[in-house]
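Colleague: Could we go through some of the labels attached to this model? I would like to hear the reasoning behind each one.

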Amino acid sequence: MAVFLVIVCILMAERRSVVYEKTERLLEFLDPSVFQEEEFVKEPECLIVWDSADSNSVKARREIASVLAQMRIPFEEQDGREEPALSPAYDNYVLALSDYSVLGEGILDLFDWVEDGSNLLVMCPPYVDAYYQVVSGRMGIQDTGHEPFELDKIVFKTGFMVGGMGQTLEVSDPFDSSNRIFLDQDCRVHLTGGGEEEYPVLWEHPYGQGNVVCVNLNIYEKAYRGFYAAAYSLLSDVCVYPVINGAAFYLDDFPSPVPAGEGSYIKRDYNMDIERFYTNVWWPDMSNLAKEHGIRYTSMVIENYSDEHQLPLAGNQDTQRFLYFGNEVLNQGGEIGFHGYNHMPLVLENFDYGDAFESYYPWKSEDDIRGAMTELKNFCSELYPREAFQVYVPPSNILSEEGRRILAEDFLDIQAVASIYFEGAHGYSQDFMVSEDGIVETPRITSGLLIDSYMRTAALSELNFHYVNSHFLHPDDALDEDRGAALGWQNLYTNLSAYMEWLYNFAPEIRRLVGTEMAGAVERYYFLDTLIEKREGEIEIRLSNFQDEAWLFARVKEGYVSSVQGGSAVRVADGLYLVQASEDTVRLILE
Ligand SMILES: [Zn+2]
């Protein structure tokens, strides 16, 4: 009888489809005001040498400065063009310039210091001139061709980066970027180009007491930051830096009314209408993928697809789909967030779309934006009474200053804005950080179902820079020709599935997070500072602004981590450990 009653209850719960308990979050969001500790006072460890007269060097400097700042490596910068004389005071140097004549004889001094125990990251392919010829042997270079070559592939020769072992990445928009290098035998080559030549792209060369790491990529973009972080980490015996440790998948425009769109490929492959396709094919497939990999989706609601942009608003009375899909997501431990009352970005008439987004109308006033967000909030609160709605995803990743301010001031439940990592013409692009107004910026790095070479590069890069993955997709990707609809859902699904396989195969330890948990992970990462002390046989890591947990990468070049005090560690790539700190001081014991 009891068993029977249980079955009846389960069936009823399932029928009603609204009964669920609020899921405990894996990681609670903390009020940003709890992070009160100061950063450590640290001596600069590194000098970035750059050349203000060379636009390429300017870009290289911008990238490496951003990378080192986020790795919490204390550094200084020097414009070699203005001030060519270098100081021997640093452990590490980054040559973020190509023209060594700028430094004159100083380049020889630099290599003398390396011989005596400093380390050098050569970040830009050097010009092949007399100064270069004098020092190239000290980088492990035997010979250099006169013409550069077009680097169209990056081939991983070692497993020094997470997600790299055995992989080949296509370089999007390749150009004559890199030097034709022939190396000495004693170099350790981690990356090469493709083809028969396999010119070296990233290698290490011991020189005297020091170490030289050279990068022959010549690409200075956000999508490659993880490559430079990894290269820098190879310089000294030990390198430790904070990471986020999280993977999130966002379903934009879901739940939403069935979007308008060409259903011809769905008709072709499944002989059904869009609505039935979503219910019977798309969602079951997405749901299975989630189960397979332990993913909990963050699902972004659109109430309707009207072009209203002024109060009063019509709302949406047709809630059946919202209840069904929303509760499916919640029952799997997922999260519901705000995407929009409709798909009009939160911008006013002063916002310039240029020639793009012809169907978008700006909102008439700030009060209309407030009204639209309030309507969405009421709509969602009715449907999902236990949800807090802490994540906002801007429609088309567009968000104006005014819209952003209204979210922060009037919608206090919103803790995170999840827009986009890369710069675009109109997009609200972000870094992983906490803004002054307390909102956590949790950008999405990759998107869609096509997963092109640029996305694969960016995804791999970010695994190594922040140990993070953040991807969004839409149900209507399968309808949109630009997003690959002609390939058919089965092929698109196979793409996405292969991407997840790659991710969780190479990063099985990465935490599966929903949007609010990602915000919690980012704030703990963002406020953290590290003070590293290297002793015989151990590394002591002191953490400022430690609350309940912190995550770090530790690159250990000699030996291995045999035990950890104040935390734990797991190897995630050759010589690279993911360290979980459970106290504000962690000791890695080295063997
Ligand atoms: Zn959308």
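Modeller: Happily. Let me begin with a cut-off: buried means under 20% relative accessible area, exposed means over 50%, and partly exposed lies in between. Please keep in mind that this is a predicted model.

Colleague: Then what makes His 190 buried or exposed?

Modeller: Its relative accessible area is 2%, which is under 20%, so His 190 is buried. His 190 sits in strand E11, residues 188-192. Beyond residues up to four places away in sequence, His 190 touches Val 155, Phe 156, Lys 157, Thr 158, Phe 160, Leu 202, Trp 203, Glu 204 and Leu 234.

Colleague: And how do you know which class Ser 299 belongs to?

Modeller: The reasoning runs along similar lines. Ser 299 has a relative accessible area of 0%, so under the 20% cut-off Ser 299 counts as buried. Ser 299 is part of strand E16, residues 298-302. Setting aside neighbours within four places in sequence, its contacts are Leu 251, Phe 254, Pro 255, Val 329, Glu 335, Ile 336 and Gly 337.

Colleague: Why is Lys 534 called partly exposed?

Modeller: The value for Lys 534 is 48%, which lies between the 20% and 50% cut-offs, so partly exposed is the right label. Lys 534 belongs to strand E24, residues 529-535. Not counting residues up to four places away in sequence, Lys 534 touches Ser 236 and Val 238. Its C-alpha atom is 53 Å from that of Met 344, and the two residues are 190 apart along the chain.

Colleague: On to the helices. Why are H7 and H12 called roughly parallel?

Modeller: The axes of H7 (residues 274-293) and H12 (residues 489-506) cross at roughly 15 degrees and come within 11 Å. Angles under 35 degrees count as roughly parallel, so H7 and H12 earn that description. Their crossing is right-handed.

Colleague: Which residues of H7 and H12 make the contact?

Modeller: From H7 come Phe 277, Val 281, Trp 282, Asp 285, Met 286, Leu 289, Glu 292 and His 293, while H12 supplies Trp 489, Tyr 493, Leu 496, Ser 497, Met 500, Glu 501 and Tyr 504. By class, the contact of H7 with H12 has 10 nonpolar, 2 polar and 3 charged residues.

Colleague: What makes H11 and H12 roughly parallel?

Modeller: H11 covers residues 453-465, and its axis comes within 12 Å of that of H12, crossing at roughly 20 degrees. Again the angle is under 35 degrees, so H11 and H12 are roughly parallel. This crossing is right-handed too. Ala 459, Leu 460 and Leu 463 of H11 meet Tyr 499, Trp 502 and Leu 503 of H12. The contact of H11 with H12 has 6 nonpolar residues, with no polar and no charged ones.

Colleague: One more topic, the cysteines. How many disulfides does a search of the whole structure find?

Modeller: The search finds 0 disulfides.

Colleague: How do you know that Cys 46 is too far from Cys 239 for a bond?

Modeller: A disulfide needs sulfur atoms within 2.5 Å, and the closest cysteine sulfur to that of Cys 46, in Cys 239, is 10 Å away, so there is no bond. Cys 46 is also buried, at 0% relative accessibility.

Colleague: And what about Cys 214, buried or exposed?

Modeller: Cys 214 has a relative accessible area of 2%, under 20%, so Cys 214 is buried. The closest cysteine sulfur, in Cys 187, is 7.8 Å from the sulfur of Cys 214, again too far for a bond.

How values were computed
Residues numbered from 1 in each chain as written. Predicted model: local features only at pLDDT ≥ 70, side-chain atom pairs only at ≥ 80, totals over all residues. Heavy atoms only, no water. Axes fitted to C-alpha atoms, helices over the stretch in contact; angles between N-to-C directions. Helix = DSSP H or I, 4+ residues; strand = E, 2+ residues; numbered from the N terminus. Parallel < 35°, antiparallel > 145°, perpendicular 65-115°, else oblique. Left-handed = near helix turned anticlockwise from the far one by under 90°. Contact = heavy atoms within 4.5 Å. Nonpolar A, V, L, I, M, F, W, Y, C, P; charged D, E, K, R; others polar. Buried < 20%, exposed > 50% of the residue type's maximum accessible area, 1.4 Å probe, protein only.
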